[in-house]
Amino acid sequence: MSRQPTFKLHNTLTGALEPVRTLEPEHLRMYGCGPTVYSYAHIGNFRSFLTADLVLRTALALGWKTTYVTNITDVGHLTADDTIDPSGEDRMARALKSKEGERFVNVWDLARYYTQSFLKDWKRLNLLEPYARPRATEHVPEQIRAVEKLLALGVAYETSLGIYFSVPSFSQYGRLSGNAAASDLRSAVRDVIVDDQKRDPRDFALWKKDPGHLMQWHSPWGWGFPGWHIECSVMAQAYLGPEIDLHSGGEDLIFPHHECEIAQAESLTGKPFARHWVHTRFLQVEGQKMSKRLGNFLRVRDVIGSDPSLAKGLALRLALIAGQYRKPFNYTRATFSDALHHVRRFRDAYEMAAQARRRGPGGPDAIGDRLEPIYQRALGAMRHDLNTPAAIAAALSGTKVIMQAGRQMTQAAARAAMTFLNQIEALLGVVGPKPISGAPGHGLAPEADAMSTLASIIEPLIAARQKARMSRDFAKADALRDDILSHNVELQDTPQGTTWKPKVSP
Ligand SMILES: [Zn+2]
C-alpha cells in the first residue's frame with residue numbers, strides 16, 4: 001500500500017486532530033454544503049467555502065486527486081430548520097414576499113438571480129471550481145426515492161403534514177454534535193410549533209406536504225417539497241458514492257443539519273457516511289456577531305464593490321483566511337487593508353520576476369535554494385489543520401526574498417521566483433489566477449489588459465523560437481517552447497506560423 005503524505009485536520013466527529021484517510025489512496029472525495037440562494041451570501045458564509053477550498057488546494061499540492069461536490073440549496077430550507085421543526089416557512093418563498101423580493105417574477109427567478117450573484121462572488125474570491133455543483137431542485141426524484149426507501153425500512157413515517165425521520169430508530173444520533181441527551185434535543189426545538197402527530201419531538205421532516213407551496217413536486221404523498229437535510233445526503237451520495245472522505249460546512253450546520261444528514265444517509269446505506277467532518281467557526285465583524293439588525297452584515301459586494309478589481313477580490317480572500325478556520329475570527333476594516341497591501345506585494349514580486357526573466361542577466365540562481373524550503377514550510381503549515389497564518393507568513397517571507405533580489409535578479413533566479421509564487425497561488429489562491437501583467441502600478445490590470453500584457457510576453461518568445469528553429473538551434477527552440485508553456489498558454493504550429501491562446505483550465 002502506498003503511503004500518502006499526512007494531511008491532518010480536526011475531525012468534529014471524533015473531536016481530534018486526525019490524518020485525512022481517503023477510501024481510495026490519494027483520492028479525496030469531499031462534499032461541502034453550499035448556500036441557500038434566497039439572498040446574497042455574506043462573508044461569513046464565504047469563510048466556510050474558503051475552508052473547503054483550502055482543503056482542496058492542500059490535497060492538490062500533495063499530488064492527490066480530488067472530487068469536490070458542493071450544492072446550491074434552492075428549495076426546502078425552512079426558516080425554522082435550524083431548530084429542527086418543519087413548521088417554518090420556506091426561506092425562498094419568504095424572500096419573494098420581502099421588499100427585495102418584489103423585483104422577481106417568481107421564486108425560480110429569485111433563485112436564479114442569487115445563484116448567479118453567488119457564482120460571481122465565488123470567482124472574485126478565487127475559489128476553485130468544484131467537480132459538480134448540483135441544485136436541490138434538479139434532484140427531487142432522487143430525494144423522493146430516498147424518502148420512499150426510508151419509509152420501507154421503517155425508519156420514517158407519515159402524518160397528515162409530512163414524512164418524518166424517526167430519530168429513536170438511529171442509535172448514533174447526536175454523535176456529531178454531542179447533543180445526545182433527549183433533553184438537549186428537546187430544548188433545541190422548544191420555541192417552534194410542533195406537529196402534534198410527530199412521534200418524537202426530535203423527529204425531523206423528510207418531505208413536507210404542501211399543495212399551496214410556490215415550488216412543489218408530485219410525490220407518492222401528494223404535492224409538496226423535500227426537507228433541507230435529505231437534499232444534501234442524497235446529492236452527496238449521488239455524485240460521490242455511499243461513503244465519502246470528507247464533509248464540510250459552517251459550525252452552525254453541525255446541528256441539526258449534519259446530524260440529520262448522517263442519520264438519513266447511514267440508514268439508507270448501512271455504511272458510514274463521511275469519515276471526516278470539518279467545520280468553520282463563524283466570524284465576527286469589528287468585534288460583534290454579524291447581524292442585519294446591527295448593520296454589520298457584510299456581503300462580498302459591501303467590502304469590495306460590485307465591480308471590483310482582481311486585487312480587491314484577492315484581498316478579501318486573504319483577509320478571510322488570515323485566521324485559522326477553527327479559531328474565533330474578528331474581521332475588521334484593518335484586516336482588509338493589510339490584506340490588500342500584502343496582495344499588492346505578491347503581485348509586485350511576480351511582476352518583478354516576470355520582467356527579470358525576460359531581461360535579467362544570465363548567471364546562477366541565488367534564491368531558489370532559499371525559496372524551496374519556504375514553500376515547504378507553507379505546505380507543512382497547511383497540512384497541519386490548515387494553519388493559514390503560518391502559511392501566509394511563509395508566503396510573505398518568500399516574497400521578501402524575491403523583492404530583495406530586485407529587478408536585477410538573474411533569469412534563473414527569476415524562474416525560481418515565479419515557480420515559488422505559482423506554488424503559493426496554487427496552495428493559497430492569493431497571488432491571482434493569471435498573475436501576469438505589465439500594467440503600471442501594482443500590475444492589477446483587468447482581464448483584457450492581462451491578455452494584451454500576456455501577448456507582449458508571449459509574442460517575442462514565439463519570434464525568438466521561430467528564429468532558433470530557422471537556424472536549426474533546436475535545443476534553444478525547445479527551451480523557449482518550455483518557457484512559453486510555463487505561462488499557461490497553448491501553442492499551435494500551423495503552416496502559416498505559430499499561434500497561441502491562454503490555456504483553459506478543465
Ligand atoms: Zn447541506
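These exercises, each with a worked solution, concern a predicted model of one protein chain.

**Exercise 1. Confidence and overall make-up**

Find the mean pLDDT of the protein chain, and locate stretches where the pLDDT is below 50.

*Solution.* Start with the average. The mean pLDDT of the chain is 87. Of its residues, 88% reach 70 or more. Next, look for weak stretches. Residues 80-86 have a pLDDT below 50, yet the model gives this stretch 24 contacts beyond near neighbours in sequence. Residues 435-449 are also below 50, with 35 contacts beyond near neighbours in sequence. Where pLDDT is low, the predicted coordinates should not be read in detail.

Now take stock of the fold. The chain has 15 helices and 16 strands. It holds 506 residues, and 45% of them count as buried. Consider contacts between residues at least 6 apart in sequence: 72% of these join residues at least 24 apart.

**Exercise 2. The two sides of helix H3**

Which residues of H3 are buried, and why do they line one face of the helix?

*Solution.* Begin with the geometry. H3 spans residues 107-124, which makes 18 residues. From first C-alpha to last, H3 reaches 26 Å, close to the 26 Å expected at 1.5 Å a residue.

Then list the buried positions. They are Val107, Leu110, Ala111, Tyr114, Phe118, Asp121, Trp122 and Arg124. Viewed down the axis of H3, the buried residues fall within an arc of 160 degrees, so they line one face of the helix. An α-helix has 3.6 residues a turn, so residues three or four places apart point the same way.

Check the other side. There, Gln116 and Lys123 are exposed.

Finally, ask what covers the buried residues of H3. The cover includes helix H1 (43-61), helix H2 (91-97), helix H8 (300-304) and helix H9 (310-320). Just after H3, Asn126 takes a positive phi of about 60 degrees.

**Exercise 3. Strand E10 and its partners**

Is strand E10 mostly covered or exposed, and which strands are joined to E10 by bridges?

*Solution.* Take burial first. E10 covers residues 244-250, and seven of its seven residues are buried. The strand is mostly covered.

Now trace the pairing. Strand E3 (residues 27-32) is joined to E10 by three bridges, and the two run parallel. Strand E11 (residues 274-280) is joined to E10 by six bridges, again in a parallel run.

Use His247 as a marker. His247 in E10 is the bridge partner of Tyr31. In E11, the bridge partner of His247 is Trp277.

Last, follow the chain from E10 to E11. E10, helix H7 (residues 254-269) and E11 form a right-handed β-α-β unit. H7 also contains Pro256. The peptide bond from Phe255 to Pro256 is cis, with omega near 0 degrees.

**Exercise 4. A sheet of three strands**

What is the strand order of the open sheet of three strands, and which strands stand at the edges?

*Solution.* Read the order: E13-E12-E14, with mixed pairing. Strand E13 (288-289) and strand E14 (329-331) stand at the edges. Each has a single partner strand, so one side of each is left without a neighbour in the sheet.

Next, inspect one pairing. Two bridges join strand E12 (residues 283-285) to E13, and these strands run antiparallel. The bridge partner of Val285 in E13 is Gln288.

**Exercise 5. Three loop residues**

Where do Glu26, Arg472 and Asp365 lie, and is Arg472 buried or exposed?

*Solution.* Glu26 lies in the loop between strand E2 (16-19) and E3. Its phi is positive, about 55 degrees, although Glu26 is not a glycine. Glu26 has 15 C-beta neighbours inside 10 Å, so Glu26 counts as partly exposed.

Arg472 sits in the loop between helix H14 (447-470) and helix H15 (474-485). Phi of Arg472 is positive too, near 55 degrees. With 8 other C-beta atoms within 10 Å, Arg472 is exposed. The cut-off for exposed is 12 or fewer. Most residues other than glycine have a negative phi.

Asp365 belongs to the loop between helix H10 (333-359) and helix H11 (368-383). Asp365 is partly exposed, with 17 other C-beta atoms within 10 Å. Leaving aside residues up to four places away in sequence, Asp365 touches Thr410, Ala412, Ala413 and Ala416. The C-alpha atoms of Asp365 and Ala417 are separated by 9.7 Å, although the two residues are 52 apart along the chain.

Methods
Residues are numbered from 1 along each chain as its sequence is written. This is a predicted model: local features need pLDDT of at least 70, side-chain atom pairs count only at pLDDT 80 or more; totals for chains, interfaces and linings use all residues. pLDDT is the predictor's confidence in each residue, from 0 to 100. Two residues are in contact if their C-beta atoms, placed from the backbone, lie within 7 Å. Helices (H or I, at least four residues) and strands (E, at least two) are DSSP runs, numbered from the N terminus. The expected span of a helix is 1.5 Å times one less than its number of residues. A residue is buried if 20 or more other C-beta atoms lie within 10 Å of its own, exposed if 12 or fewer, and partly exposed in between; C-beta atoms are placed from the backbone. The arc is that of the directions from the helix axis to the C-beta atoms. Two strands pair if DSSP finds at least two bridges between them. A crossover is right-handed if, with the strands pointing away from the viewer, the path from the first strand over the helix to the second runs clockwise.
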